[in-house]
Amino acid sequence: MKIKPLADYVLIEPIEKEETLPSGILIPETAKEKPQEGKVIATGPGEVRDGKVVPMTVKVGDKVIYKKWGGNEVKADRKELLLVKVEDILAVVE
């Protein structure tokens, strides 16, 4: 399935970090916090303001940090993806 975001939406594949305590105990999936980091899979063309398209500030392949509770979860090709507005992206990781 191919998902093409519209307007100023960005499709992100969250990056799950394996969490292990300093003692070596692995934190189970149910106790983990939601990831806040991911890879941009697709972007919309940008927001329309005053009849003009404002270009996106992120591009496909960027690693980004986004708001913890922002976006909508979608499933495609057995992957958990997140559809967020570009304003919910806080930073690009370089």
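This report walks through a predicted model of one protein chain, from its strands to its salt bridges.

## The overall layout

Let's begin with the big picture. The chain has 8 strands and 0 helices, so if you trace it along the sequence you meet the pattern β-β-β-β-β-β-β-β. There are 94 residues, and 29% of them count as buried.

What about contacts along the chain? Take the contacts between residues at least 6 apart in sequence: 62% of these join residues at least 24 apart. As for the outside, the accessible surface comes to about 6800 Å², and carbon and sulfur atoms account for 54% of that.

## Strand 2 and its partners

Strand 2 covers residues 37-43, and 5 of its 7 residues are buried, so the rest of the structure largely encloses it. Which strands does strand 2 pair with? One of them is strand 1 (residues 9-14), in the antiparallel sense, over 5 bridges. Within this pairing, Leu 11 has Ala 42 of strand 2 as its bridge partner.

Strand 2 also pairs with strand 5 (residues 63-66), again in the antiparallel sense, this time over 3 bridges. Here Lys 39 stands opposite Lys 63.

Have a look at Thr 43, too, which is found in strand 2. Is Thr 43 buried or exposed? Its relative accessibility is 17%, and buried means under 20%, so Thr 43 counts as buried. Setting aside neighbours within four places in sequence, Thr 43 is in contact with residues including Tyr 9, Val 10, Met 56 and Val 58.

## The nonpolar core

Now for the inside. Which residues make up the largest nonpolar core? There are 11 in all: Val 10, Ile 12, Val 40, Met 56, Val 58, Val 64, Tyr 66, Leu 82, Val 84, Val 86 and Ile 89. Strand 1, strand 5 and strand 7 each supply at least two residues of this core.

Val 64 is a handy one to click on. Leaving out neighbours within four places in sequence, its contacts include Ile 12, Val 40, Val 58 and Ile 89. Val 64 is also in contact with Gln 36, Glu 37 and Gly 38, among others.

## Salt bridges

Side chains of opposite charge can pair when their charged atoms come close. How many salt bridges does a search of the whole structure find? The search turns up 6.

One of them links Lys 63 with Glu 37, with the closest N and O atoms 3.1 Å apart. Lys 63 sits in strand 5 and Glu 37 in strand 2, so this pair ties together parts that are 26 residues apart in sequence. Lys 63 is partly exposed at 35% relative accessibility, while Glu 37 is buried at 14%.

Another salt bridge joins Lys 59 and Asp 62, and its closest N and O atoms are 3.1 Å apart. Lys 59 is exposed at 55% relative accessibility, whereas Asp 62 is buried at 11%. Then there's Glu 80 with Lys 75, where the closest N and O atoms are 3.5 Å apart. Glu 80 is partly exposed, with a relative accessible area of 45%, and Lys 75 is exposed at 61%.

## A loop residue

Finally, find Glu 87. It lies in the loop between strand 7 (79-85) and strand 8 (89-93). With a relative accessible area of 55%, Glu 87 is over the 50% cut-off, so it counts as exposed. The C-alpha atoms of Glu 87 and Thr 57 are separated by 9.6 Å, and these two residues are 30 residues apart along the chain.

Terms used:
Residues numbered from 1 in each chain as written. Predicted model: local features only at pLDDT ≥ 70, side-chain atom pairs only at ≥ 80, totals over all residues. Heavy atoms only, no water. Helix = DSSP H or I, 4+ residues; strand = E, 2+ residues; numbered from the N terminus. Buried < 20%, exposed > 50% of the residue type's maximum accessible area, 1.4 Å probe, protein only. Contact = heavy atoms within 4.5 Å. Areas by Shrake-Rupley, 256 points an atom, 1.4 Å probe, with all protein chains shown as cover. Pairing = 2+ DSSP bridges. Core = buried A, V, L, I, M, F, W, Y, C linked by side-chain atoms within 4.5 Å. Salt bridge = Lys/Arg side-chain N within 4 Å of Asp/Glu carboxyl O.
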